[in-house]
Each structure stands twice: as structure tokens, then as C-alpha cells.
Amino acid sequence: MEFLKTLGIEAHQAGCATGSAWNDTTGESIEVTSPADGAKIGTVRQAAESEYETVLKTAREAFLHWRSLPAPHRGEIIRQIGLRVRDYKEPLGSLIAYEMGKPLEEALGEVQEMIDICDFAAGLSRMLSGSTLYSERPRHRFYEQYHPLGIVGIITAFNFPVAVWAWNAVIAAVCGDVTVWKPSSKAPLSAIAAQKILGPVLKENDLPEGIFSLLVGRGSVIGEAMLQDPRISLISFTGSVPAGRHAAEVVARRLGKTLLELGGNNAIIVTEHANLELAVPAIVFGAVGTSGQRCTTTRRLIIHDAIYDRIKEALQKAYQTVRIGSPLDPRNHMGPLVDREAAAAFTRALDACRQQGGRVLFGGTGLTGKGYESGCYVSPAIMEVLNDTPIVQEETFAPILYLIRYAGELSEAIALHNGVRQGLSSAIFTDNVQEAEVFLSQEGSDCGIANVNIGTSGAEIGGAFGGEKETGGGREAGSDAWKTYMRRQTVTINYGTELPLAQGIRFDI
Ligand code: UN1
């Protein structure tokens with residue numbers, strides 16, 4: 001395929017790099033197949049412990065140089081990376097679509113997020129500011145500053161195989177950190193392509209290669225080594241709640257820092273004052289976009305009784321028009337799930353839902369026949385349920401939309417909305433200003449993201465991204481999320497001729 005050639009992806013690709021230097025690997029090879037057509041794309045030779053050690057040493061040396069550069073110089077390197085990503089937007093988007101199955105349009109959007117965060121980081125490199133305070137002591141200067149942390153380990157999931165890394169890596173980089181990236185073994189080629197795009201920029205600027213490293217490897221080998229390694233100051237982990245809980249426990253044992261972006265169980269409240277012309281397409285995109293495999297996917301709809309049947313019918317009609325097929329065909333709205341295991345998990349969740357009293361309103365079957373031979377395509381499901389149904393309380397990473405009814409006050413809808421363990425993204429559709437404001441107030445949504453008349457997915461990079469409760473509490477991408485990637489230092493300077501102590505303590509000697 002042409003895009004593989006343009007991106008420099010080889011048939012037997014090494015899975016370990018520092019900058020533009022591709023290292024020999026001794027781990028076992030994995031075969032990468034496309035969920036689009038089941039064809040083999042290539043093999044990746046995974047990294048093992050010895051390569052891990054080499055990468056960490058190179059990263060540490062690179063850090064000592066990188067941290068000493070002025071932050072705006074680091075920002076200039078990220079600006080150049082952003083320009084390079086622009087040159088490869090089409091082929092990288094195609095590889096993402098083909099490797100993990102999201103439609104090309106969404107894959108291009110993902111690459112755009114990568115470009116946008118580079119632009120953001122380039123500007124941010126001139127705005128890494130601390131605050132100056134008044135000291136209680138005369139002739140004392142008192143301020144806060146931020147310094148680079150060191151090595152940041154980034155562990156990412158298959159669903160955003162390059163963007164989530166970019167949110168972390170380029171922000172960490174302008175902060176003066178170096179990064180070691182372990183991508184999902186379900187989408188290693190997209191990560192390798194990203195590394196091939198940025199690596200040469202380091203070389204062209206005579207910078208140490210170890211500023212950005214990549215390690216494709218098993219979670220039990222490379223992931224575990226990263227979690228346990230005290231040389232890694234911060235682990236940024238994106239993935240499921242159970243895997244994130246494990247990561248948090250292991251890193252906490254060594255008192256390291258974590259940034260967790262775990263599961264969501266995102267809901268939209270549709271009140272009787274909703275504009276359905278906005279609500280329906282937003283719900284459909286939120287539920288079937290990326291085949292329901294975004295952590296921001298709309299999983300639950302909490303609908304006022306007065307409009308419940310209208311919404312239900314409108315959704316059934318809209319779902320019939322969702323074109324499912326190859327992610328590389330721009331006419332399709334929805335591609336396959338990432339692999340057959342994901343399709344099996346979709347079916348298992350729906351079986352459980354039916355057993356627990358849920359009723360199928362649309363879809364919910366695996367697709368077979370021409371174009372669907374890979375076994376990864378499904379027809380997205382709409383289910384009628386109660387919020388406390390056990391399976392509704394879980395995040396199933398698949399296109400299953402649960403319809404839940406509320407009869408009375410908005411407070412009832414909000415209680416249902418918040419009645420799950422996860423807290424990533426949320427939305428309300430209403431043209432009533434009081435309802436919107438209550439939803440956004442401290443009595444409203446308990447999530448890290450709250451939207452009005454917009455769906456739950458598709459957040460912009462300029463804001464801090466992340467969620468509460470079991471979602472893990474981390475924030476990445478824009479706003480002041482950069483602070484997580486730096487160590488904070490409170491400084492007091494005495495420029496007087498006396499030595500007054502704080503709190504007025506006297507100590508005459
Ligand atoms: C994710 O699913 O892990 O808000 C990230 C969104 C995207 C990012 C999702 N900007 O849907």
C-alpha cells in the first residue's frame with residue numbers, strides 16, 4: 001500500500017527507536033493485521049528488557065542536554081515537528097484508519113489533533129510561568145518556578161494511536177522532559193510512523209536522539225518495567241480502569257507520579273426543552289464514532305419521558321442510515337471494531353444486557369458477507385435499560401447506546417447521570433438556560449468535561465482533558481495541564497541585611 005511506503009514502514013519493522021535511530025530488538029515478533037479486511041500489514045519485532053535498558057540510558061543522557069535549553073528553543077523543535085506532521089497528514093491518517101479501523105475522516109481528525117497540540121506547545125513554551133507572591137518578611141523575594149521532571153513514560157491505547165501520545169509527549173517536551181512511549185500492541189505501526197516523522201527533526205537540529213523514544217513491547221515486559229522504574233518520574237497511562245488501577249498501584253509503591261486517563265461511561269441528558277435537530281446527529285456521532293471505542297463515546301442517554309418515544313424513533317431511523325464498511329472508503333460513517341476479540345466482547349455485553357432485562361431497539365449483531373470478512377464489523381446497538389443494570393455500569397468499548405428514561409425533575413436525570421463509577425465526559429441538550437446552568441453547577445455533572453448542546457466526544461486540545469472518579473483524575477493536553485509534567489519549586493530570596501524568620505520567630509544567637 002502506497003501510504004506504508006510514504007511513511008517508510010518496512011514489512012519487518014523494528015519496534016524500538018531513540019529519535020531517528022532504530023535499534024535492534026530481541027523480543028518476539030507480532031503480526032499486525034487490519035480489522036478492515038483481515039489482511040496482514042506487516043510484522044513488528046518487539047523490544048525486550050535489554051533494549052529497554054539501552055533506551056532508558058539514552059533517554060537519561062538526552063534529558064541532561066534537553067533540560068538545559070531555553071524552553072522557547074524546545075518549542076521551536078516542536079513547531080518543526082508540527083510542520084512535518086502536516087506533510088504526512090494523509091498517509092498517517094490512512095495508516096491509522098487501516099490499522100485500527102476508525103473511518104479516514106476521524107483518523108485525519110486525530111492527526112489534526114497532533115498538529116494542533118504541536119502549535120499549542122510551541123506557544124506554551126513561552127508561557128511556562130510561575131507566580132510571584134509577597135513575602136511576609138521585609139526585603140525578601142518569594143516566588144514559584146517550574147523545572148523539568150525528567151523521563152516521562154507514556155503508555156497509550158489503540159483507539160487514539162498517535163494523538164494521545166502527542167498530547168503528552170510534546171507538552172512534556174517543551175517542559176524539558178524526555179519521553180519513552182509504549183504504544184498499544186494493537187496499533188504499533190501508527191506509532192512507528194509517528195516516530196519516523198519526528199525522529200529526523202531531532203537529527204537535523206543536532207539534538208540527542210533520546211529526547212523521544214519508542215518501545216513496542218509486551219505490557220508484562222516493557223509496560224511493567226516502566227511502572228517499576230524509579231528513573232521514570234511520571235507515568236501517563238491511558239487505558240481501562242483495571243489496567244490503570246494496576247499501573248497506579250505499582251507506581252504508588254515507589255511513590256512515583258501518575259497521570260491516569262481511564263474509562264468513561266459518558267451520558268447525554270436530553271430534556272423536554274432539547275432541540276432534536278442538534279441532539280440526534282450529536283448522539284449518533286457520539287455513539288458510533290470510532291465504533292464506540294473513544295473514551296468519550298456516548299454510552300448512556302437519559303431522556304425526558306415527554307420526548308422519549310420521539311428520540312427513540314429518530315435514533316432508530318438515523319441508525320438505519322449509518323453506512324458501515326471499510327474505514328478507507330470516505331463514504332462510510334463507521335468502520336470495524338479493532339479486532340475479533342472486541343467484536344466478541346460487544347456480543348457478550350449485549351447478551352448480558354438482555355439477561356439483565358435490557359431490550360434491543362436496534363442492531364447488536366455481528367455483520368457477515370461481502371466487505372465484512374474480517375469478522376470485526378458489527379451493527380451498532382441501541383438498548384432500552386435501567387441505569388442500575390450491572391452491564392450499564394461498566395464501560396464496554398463498543399457501539400452500544402443505552403436509553404434510560406426519567407420522568408420528572410432535572411435533579412432526577414442528574415442523579416442517574418452521576419450514578420456510575422466513571423466521570424469523564426457529559427452533555428445536556430436543552431434550550432432552557434436554567435437547566436443548562438444547573439447541569440454545569442456544583443449540583444450538576446460530576447465529570448471532567450461538561451457540554452451543552454454538543455455531544456460527549458470530540459474535545460478540543462486547548463482545554464485540559466480528563467475525568468473524575470474511576471476515570472483517574474488526570475488532565476492532559478491544553479490549559480494548565482503542563483504543570484503535571486514539571487516539578488514545582490517555591491523560592492525565597494533574602495536581599496536585605498537582616499535575617500528575619502517566618503512566623504515572627506525570634507532566634508538570637
Ligand atoms: C480517547 O478516546 O482516549 O474528545 C481520547 C475526543 C478526542 C479524544 C478522545 N478528542 O473524543
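This is a chat about the domains, a helix packing, the ring pairs and some single residues of a predicted model.

User: What kind of model is this, before I start poking at it?
Analyst: It is a predicted model.

User: OK. How is the protein divided into domains?
Analyst: There is a domain 1, made of 2–27 + 35–262 + 472–489, and a domain 2, covering 266–452. The bounds come from an automatic or database domain assignment.

User: How far apart are the C-alpha centres of the two?
Analyst: The C-alpha centres of domain 1 and domain 2 are separated by 31 Å.

User: And how many residues of each are in contact with the other?
Analyst: Domain 1 puts 21 residues in contact with 23 residues of domain 2.

User: Switching to helices. At what angle do α3 and α6 cross?
Analyst: Roughly 145°. Helix α3 spans residues 71–87 and helix α6 spans residues 163–174, and their axes come within 8 Å.

User: Why give both an angle and a distance?
Analyst: Because two packed helices are described by the angle between their axes and the distance between the axes.

User: Which residues make the α3 and α6 contact?
Analyst: On α3 they are A71, R74, G75 and I78. On α6 they are V170, A173 and V174.

User: How do those divide into nonpolar, polar and charged?
Analyst: Five of the contact residues of α3 with α6 are nonpolar, one is polar and one is charged.

User: Now rings. How many aromatic pairs does the structure hold?
Analyst: Eight aromatic pairs. One of them is W165 with F212, an edge-to-face pair with 6.2 Å centre to centre and 65° between the planes.

User: Where in the chain do W165 and F212 sit?
Analyst: W165 is in helix α6 and F212 is in strand β10, residues 212–215. They are 47 residues apart, and the pair links distant parts of the chain.

User: Buried or exposed, those two?
Analyst: W165 and F212 are both buried.

User: What about W167 and F465, why is that pair called tilted?
Analyst: The ring centres of W167 and F465 are 4.9 Å apart and the planes stand at 55°, so the pair counts as tilted. W167 is in helix α6 and F465 is in strand β21, residues 464–465, so this pair ties together parts 298 residues apart in sequence.

User: Why does W167 count as buried?
Analyst: Because its relative accessibility is 6%, and buried means under 20%. F465 also counts as buried, with a relative accessibility of 6%.

User: Which residues do ring pairs link into a cluster?
Analyst: W165, W181 and F212.

User: Any lysines over rings? Which residue lies over the face of F160?
Analyst: K102 does, at 3.6 Å from the ring centre of F160. K196 lies over the face of W22, at 5.0 Å from that ring centre.

User: Backbone next. What is odd about phi of T290?
Analyst: T290 has a positive phi of about 50° and is not a glycine. T290 sits in the loop between α10 (276–288) and β14 (298–304). At 1% relative accessibility, T290 counts as buried.

User: And S479, what is its phi?
Analyst: Phi of S479 is near 50°, a positive value in a residue other than glycine. S479 is in the loop between β23 (476–477) and β24 (486–494). With 40% relative accessibility, S479 counts as partly exposed.

User: Some single residues, then. Where is T43?
Analyst: In strand β5, residues 40–45. T43 counts as buried at 10% relative accessibility.

User: What is T43 in contact with, leaving aside neighbours within four places in sequence?
Analyst: A11, H12, Q13, I30 and E31. T43 and E10 are 33 residues apart along the chain, and their C-alpha atoms are separated by 8.5 Å.

User: Same for S426. Where is it, and what is it in contact with?
Analyst: S426 is in strand β19, residues 425–429. Leaving aside neighbours within four places in sequence, S426 is in contact with A267, H417, F439, S445, C447, I449, A450, N451 and T456. S426 is buried, with a relative accessible area of 0%.

User: Last one. Where is A243 found?
Analyst: In helix α9, residues 241–253. A243 is partly exposed, with a relative accessible area of 31%.

Terms used
Residues numbered from 1 in each chain as written. Predicted model: local features only at pLDDT ≥ 70, side-chain atom pairs only at ≥ 80, totals over all residues. Heavy atoms only, no water. Axes fitted to C-alpha atoms, helices over the stretch in contact; angles between N-to-C directions. Helix = DSSP H or I, 4+ residues; strand = E, 2+ residues; numbered from the N terminus. Contact = heavy atoms within 4.5 Å. Nonpolar A, V, L, I, M, F, W, Y, C, P; charged D, E, K, R; others polar. Phe/Tyr/Trp six-rings, centres within 6.5 Å; stacked < 30°, edge-to-face > 60°. Buried < 20%, exposed > 50% of the residue type's maximum accessible area, 1.4 Å probe, protein only. Lys NZ or Arg CZ within 6 Å of the ring centre and 35° of its normal.
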